[in-house]
Amino acid sequence: MIPEIKIAPSILSADFARLGEQVHMVEAAGAQLLHVDVMDGHYVPNITIGPLVVEALRRVTEMPLDTHLMISEADRYIDAFARAGSTSISVHVEAVPHLHRTLEAIRKLGAQPGIAINPGTSLALLDEVLPYADFILIMTVNPGFGGQKFIPTSLQKIARLRQMITERNLNVRIEVDGGIGPNNVRSLVEHGAEWIVAGSAIFGAPDIGAAVQAMQAAAEGLATANIS
Ligand code: DX5
Ligand code: ZN
(Lines give C-alpha, C1' and ligand atoms only; values in the text may rest on other atoms or scores of the structure.)
(Ligands and ions follow the chains in the order given, each with its own letter.)
Protein backbone atom coordinates (compact mmCIF):
# COMPACT_ATOMS: atom_id res chain seq x y z
CA MET A 1 0.00 0.00 0.00
CA ILE A 2 1.28 3.47 -0.92
CA PRO A 3 1.18 5.69 2.16
CA GLU A 4 -1.01 8.76 1.91
CA ILE A 5 0.54 11.83 3.47
CA LYS A 6 -1.87 13.98 5.45
CA ILE A 7 -1.00 17.29 7.09
CA ALA A 8 -2.67 17.67 10.48
CA PRO A 9 -2.44 21.19 11.91
CA SER A 10 -2.54 21.13 15.74
CA ILE A 11 -4.83 23.81 17.15
CA LEU A 12 -2.69 23.93 20.29
CA SER A 13 -0.70 26.74 18.65
CA ALA A 14 -3.75 28.51 17.17
CA ASP A 15 -5.14 31.81 18.40
CA PHE A 16 -8.07 30.55 20.49
CA ALA A 17 -9.82 33.89 20.24
CA ARG A 18 -9.93 33.39 16.45
CA LEU A 19 -10.16 29.60 16.38
CA GLY A 20 -12.94 29.20 13.80
CA GLU A 21 -11.29 31.64 11.43
CA GLN A 22 -7.88 29.95 11.68
CA VAL A 23 -9.41 26.50 11.22
CA HIS A 24 -11.03 27.75 8.01
CA MET A 25 -7.61 28.96 6.83
CA VAL A 26 -5.94 25.56 7.22
CA GLU A 27 -8.92 23.80 5.67
CA ALA A 28 -8.93 26.14 2.66
CA ALA A 29 -5.19 25.51 2.25
CA GLY A 30 -5.80 21.78 1.94
CA ALA A 31 -5.09 20.34 5.40
CA GLN A 32 -6.74 16.91 5.62
CA LEU A 33 -6.93 16.41 9.39
CA LEU A 34 -7.37 18.73 12.36
CA HIS A 35 -5.33 17.65 15.39
CA VAL A 36 -6.90 18.44 18.76
CA ASP A 37 -4.64 18.17 21.81
CA VAL A 38 -6.46 17.36 25.04
CA MET A 39 -4.39 17.75 28.22
CA ASP A 40 -5.50 17.34 31.83
CA GLY A 41 -2.70 18.80 33.97
CA HIS A 42 -2.17 15.29 35.37
CA TYR A 43 -0.91 12.93 32.68
CA VAL A 44 0.94 15.95 31.25
CA PRO A 45 1.77 19.21 33.03
CA ASN A 46 -0.42 21.40 30.81
CA ILE A 47 -4.23 21.86 30.66
CA THR A 48 -6.01 22.54 27.38
CA ILE A 49 -9.48 21.78 26.14
CA GLY A 50 -12.39 19.36 26.50
CA PRO A 51 -15.29 17.92 24.47
CA LEU A 52 -17.05 21.31 24.29
CA VAL A 53 -14.37 22.64 21.97
CA VAL A 54 -14.48 19.50 19.81
CA GLU A 55 -18.23 19.97 19.52
CA ALA A 56 -17.75 23.61 18.49
CA LEU A 57 -15.10 22.62 15.91
CA ARG A 58 -17.42 19.96 14.51
CA ARG A 59 -19.86 22.73 13.62
CA VAL A 60 -17.35 24.84 11.68
CA THR A 61 -15.27 22.33 9.69
CA GLU A 62 -15.62 19.27 7.49
CA MET A 63 -12.09 18.11 8.35
CA PRO A 64 -11.79 14.89 10.36
CA LEU A 65 -11.13 15.78 14.01
CA ASP A 66 -8.12 13.83 15.26
CA THR A 67 -8.34 13.90 19.05
CA HIS A 68 -5.13 13.22 20.96
CA LEU A 69 -5.96 12.43 24.58
CA MET A 70 -3.04 13.26 26.88
CA ILE A 71 -5.11 12.49 29.95
CA SER A 72 -5.12 9.97 32.78
CA GLU A 73 -8.02 7.52 33.00
CA ALA A 74 -8.77 8.17 29.34
CA ASP A 75 -11.53 5.51 29.38
CA ARG A 76 -13.75 7.90 31.33
CA TYR A 77 -13.78 10.44 28.50
CA ILE A 78 -13.77 8.59 25.19
CA ASP A 79 -17.54 8.50 25.03
CA ALA A 80 -17.79 12.29 25.45
CA PHE A 81 -15.14 12.96 22.80
CA ALA A 82 -16.70 10.52 20.34
CA ARG A 83 -20.14 12.07 20.84
CA ALA A 84 -18.67 15.54 20.43
CA GLY A 85 -17.59 14.55 16.91
CA SER A 86 -14.06 13.17 17.10
CA THR A 87 -13.21 11.15 14.00
CA SER A 88 -10.16 9.49 15.52
CA ILE A 89 -9.15 9.19 19.16
CA SER A 90 -5.70 8.26 20.43
CA VAL A 91 -4.85 7.26 23.99
CA HIS A 92 -1.42 6.89 25.57
CA VAL A 93 -0.51 3.34 26.56
CA GLU A 94 0.21 4.46 30.14
CA ALA A 95 -3.20 6.11 30.51
CA VAL A 96 -5.45 3.03 30.32
CA PRO A 97 -5.24 -0.31 32.18
CA HIS A 98 -6.74 -2.49 29.43
CA LEU A 99 -5.58 -1.10 26.11
CA HIS A 100 -7.33 -3.66 23.91
CA ARG A 101 -10.65 -2.93 25.62
CA THR A 102 -10.17 0.81 25.14
CA LEU A 103 -9.40 0.45 21.42
CA GLU A 104 -12.48 -1.70 20.90
CA ALA A 105 -14.61 0.80 22.84
CA ILE A 106 -13.40 3.69 20.66
CA ARG A 107 -14.21 1.70 17.52
CA LYS A 108 -17.66 0.82 18.83
CA LEU A 109 -18.33 4.52 19.35
CA GLY A 110 -17.67 5.06 15.65
CA ALA A 111 -14.21 6.64 15.88
CA GLN A 112 -10.86 5.34 14.63
CA PRO A 113 -8.77 4.05 17.55
CA GLY A 114 -5.12 5.06 17.89
CA ILE A 115 -2.29 4.40 20.34
CA ALA A 116 0.09 7.19 21.34
CA ILE A 117 3.69 6.27 22.22
CA ASN A 118 5.98 8.65 24.14
CA PRO A 119 9.66 9.10 23.28
CA GLY A 120 10.57 7.04 26.37
CA THR A 121 8.04 4.28 25.67
CA SER A 122 9.04 1.11 23.83
CA LEU A 123 7.39 -0.10 20.64
CA ALA A 124 7.37 -3.52 22.33
CA LEU A 125 4.22 -2.40 24.16
CA LEU A 126 2.42 -2.47 20.81
CA ASP A 127 3.19 -6.11 20.18
CA GLU A 128 -0.17 -7.59 21.18
CA VAL A 129 -2.42 -4.67 20.28
CA LEU A 130 -1.09 -3.45 16.92
CA PRO A 131 -3.82 -5.22 14.86
CA TYR A 132 -6.55 -3.48 16.89
CA ALA A 133 -5.38 0.07 16.19
CA ASP A 134 -6.12 2.10 13.07
CA PHE A 135 -3.08 4.27 13.70
CA ILE A 136 -0.08 4.68 15.98
CA LEU A 137 0.88 8.18 17.10
CA ILE A 138 4.63 8.35 17.62
CA MET A 139 5.46 11.32 19.84
CA THR A 140 8.59 13.00 18.56
CA VAL A 141 8.73 15.28 21.63
CA ASN A 142 7.57 14.65 25.18
CA PRO A 143 3.86 15.46 25.29
CA GLY A 144 2.63 18.59 27.02
CA PHE A 145 3.62 21.64 25.03
CA GLY A 146 3.86 22.97 21.51
CA GLY A 147 7.05 24.43 20.11
CA GLN A 148 9.50 21.83 21.49
CA LYS A 149 12.55 20.48 19.72
CA PHE A 150 12.22 17.29 17.62
CA ILE A 151 13.96 14.26 19.20
CA PRO A 152 16.18 12.85 16.41
CA THR A 153 16.19 9.20 17.59
CA SER A 154 12.46 9.19 16.71
CA LEU A 155 13.40 8.58 13.07
CA GLN A 156 14.72 5.08 13.73
CA LYS A 157 11.71 4.34 15.91
CA ILE A 158 9.36 5.29 13.06
CA ALA A 159 11.32 3.05 10.70
CA ARG A 160 11.11 0.13 13.15
CA LEU A 161 7.36 0.61 13.51
CA ARG A 162 6.98 0.76 9.72
CA GLN A 163 8.83 -2.55 9.54
CA MET A 164 6.58 -4.13 12.21
CA ILE A 165 3.48 -3.05 10.28
CA THR A 166 4.83 -4.27 6.93
CA GLU A 167 6.02 -7.62 8.31
CA ARG A 168 2.57 -8.31 9.73
CA ASN A 169 0.84 -7.00 6.64
CA LEU A 170 -1.36 -4.69 8.71
CA ASN A 171 -3.34 -1.67 7.65
CA VAL A 172 -2.16 0.71 10.39
CA ARG A 173 -1.23 4.36 9.75
CA ILE A 174 1.76 6.06 11.39
CA GLU A 175 1.18 9.54 12.80
CA VAL A 176 4.02 11.73 14.09
CA ASP A 177 3.70 14.65 16.48
CA GLY A 178 6.08 17.25 17.87
CA GLY A 179 8.81 19.55 16.61
CA ILE A 180 7.93 18.97 12.97
CA GLY A 181 8.36 21.63 10.29
CA PRO A 182 9.20 21.97 6.61
CA ASN A 183 12.88 21.24 7.26
CA ASN A 184 12.48 17.79 8.82
CA VAL A 185 9.11 16.56 7.52
CA ARG A 186 10.56 14.84 4.45
CA SER A 187 12.88 12.63 6.46
CA LEU A 188 9.95 11.61 8.68
CA VAL A 189 7.99 10.57 5.60
CA GLU A 190 11.00 8.70 4.25
CA HIS A 191 11.16 6.74 7.51
CA GLY A 192 7.47 5.77 7.24
CA ALA A 193 5.31 8.59 8.67
CA GLU A 194 1.96 9.32 6.99
CA TRP A 195 -0.06 11.69 9.16
CA ILE A 196 2.02 14.73 10.02
CA VAL A 197 1.02 16.87 13.00
CA ALA A 198 2.36 20.41 13.12
CA GLY A 199 1.37 23.15 15.56
CA SER A 200 3.83 26.02 15.79
CA ALA A 201 5.18 25.48 12.25
CA ILE A 202 1.68 26.21 10.92
CA PHE A 203 -0.16 28.47 13.38
CA GLY A 204 3.02 30.33 14.29
CA ALA A 205 3.75 31.20 10.65
CA PRO A 206 2.92 34.66 9.29
CA ASP A 207 0.73 33.08 6.57
CA ILE A 208 -1.06 30.03 7.98
CA GLY A 209 -2.40 28.81 4.64
CA ALA A 210 1.00 29.09 2.95
CA ALA A 211 2.54 27.16 5.86
CA VAL A 212 0.13 24.25 5.30
CA GLN A 213 0.97 24.16 1.61
CA ALA A 214 4.71 24.40 2.29
CA MET A 215 4.46 21.48 4.72
CA GLN A 216 2.54 19.39 2.20
CA ALA A 217 5.06 20.18 -0.55
CA ALA A 218 8.03 19.47 1.71
CA ALA A 219 6.46 16.22 2.91
CA GLU A 220 6.01 15.08 -0.67
CA GLY A 221 9.58 16.07 -1.52
CA LEU A 222 8.49 18.86 -3.83
CA ALA A 223 9.91 22.38 -4.07
CA THR A 224 9.85 24.28 -0.79
CA ALA A 225 10.65 27.73 -2.16
CA ASN A 226 7.84 29.62 -0.46
CA ILE A 227 8.53 28.37 3.08
CA SER A 228 8.57 31.27 5.50
C1 DX5 B 1 2.39 18.15 22.16
C2 DX5 B 1 1.19 17.98 21.28
C3 DX5 B 1 1.43 18.40 19.89
C4 DX5 B 1 1.79 19.85 19.70
C5 DX5 B 1 2.82 19.88 18.61
O6 DX5 B 1 2.18 17.52 23.37
O7 DX5 B 1 0.77 16.62 21.26
O8 DX5 B 1 0.34 18.04 19.04
O9 DX5 B 1 0.72 20.68 19.34
O10 DX5 B 1 3.30 21.17 18.53
P11 DX5 B 1 4.57 21.53 17.65
O12 DX5 B 1 4.27 21.16 16.24
O13 DX5 B 1 4.71 23.02 17.85
O14 DX5 B 1 5.74 20.77 18.22
ZN1 ZN C 1 -0.75 16.04 19.72
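Is D37 buried or exposed? D37 is buried, because its relative accessible area is 7%, and the cut-off for buried is under 20%. This is a predicted model.

## The zinc site

D37 is one of the protein donors of the zinc ion (ligand 2). The others are H35, H68 and D177. H35 donates through NE2 and H68 through ND1. Both aspartates, D37 and D177, use OD atoms. These donors lie 2.0 to 2.3 Å from the zinc ion.

The site is octahedral. Six donor atoms surround the zinc ion, with angles of 70 to 170 degrees among them. Along the sequence, the donor residues follow the spacing H-x1-D-x30-H-x108-D. One pair links distant parts of the chain. D37 sits in strand β2 and H68 in strand β3, 31 residues apart. H68 is buried too, because its relative accessibility is 0%.

## The shell around ligand 1

Ligand 1 is surrounded by 20 residues. S10, D37, D177, G179 and S200 are the closest. Two of these names, D37 and D177, also appear among the zinc donors.

Three strands each supply at least two residues of the shell: β2 (34–39), β3 (65–70) and β8 (195–198). Strand β2 gives the largest share, three residues. By class, the shell holds eight nonpolar, ten polar and two charged residues.

## Polar contacts to ligand 1

S10 reaches ligand 1 through its side chain. An N or O atom there is 2.7 Å from an oxygen atom of the ligand. G179 uses its backbone instead. A backbone N or O atom of G179 lies 2.7 Å from an oxygen atom of ligand 1. S200 contributes a polar side-chain atom, 2.5 Å from an oxygen atom of ligand 1.

How much of the accessible area of ligand 1 does the protein cover? The protein covers 100% of the 390 Å² that ligand 1 has on its own.

## D134 and R107

D134 is placed in a loop. That loop runs between β5 (112–117) and β6 (135–139). The side chain of D134 makes a polar contact with the side chain of R107, at 2.9 Å.

Is D134 buried or exposed? D134 counts as buried, because its relative accessibility is 19% and the cut-off is under 20%.

Technical notes:
Residues are numbered from 1 along each chain as its sequence is written. Chains are lettered from A and ligands numbered from 1 in the order in which they are written. This is a predicted model: local features need pLDDT of at least 70, side-chain atom pairs count only at pLDDT 80 or more; totals for chains, interfaces and linings use all residues. Side-chain values use heavy atoms; hydrogens and water are left out. A residue is near a molecule or strand if one of its heavy atoms lies within 4 Å of it. A polar contact is a pair of N or O atoms within 3.5 Å; within protein, one must be able to donate a hydrogen and the other to accept it, and residues adjacent in sequence count only if both atoms are side-chain atoms. Accessible areas come from the Shrake-Rupley method with a 1.4 Å probe; for residues, only the protein chains shown count as cover. Helices (H or I, at least four residues) and strands (E, at least two) are DSSP runs, numbered from the N terminus. Ala, Val, Leu, Ile, Met, Phe, Trp, Tyr, Cys and Pro count as nonpolar, Asp, Glu, Lys and Arg as charged, and the others, Gly among them, as polar. Donors are N, O and S atoms within 2.8 Å of the metal (3.2 Å for Na, K and Ca); water is not among the atoms, so sites may look incomplete. Four donors count as tetrahedral if all angles lie between 85 and 135 degrees; four count as square planar and six as octahedral if opposite donors are over 155 degrees apart and all others between 65 and 115; anything else is irregular. Buried means under 20% relative accessible area, exposed over 50%, partly exposed in between (1.4 Å probe, protein chains only).
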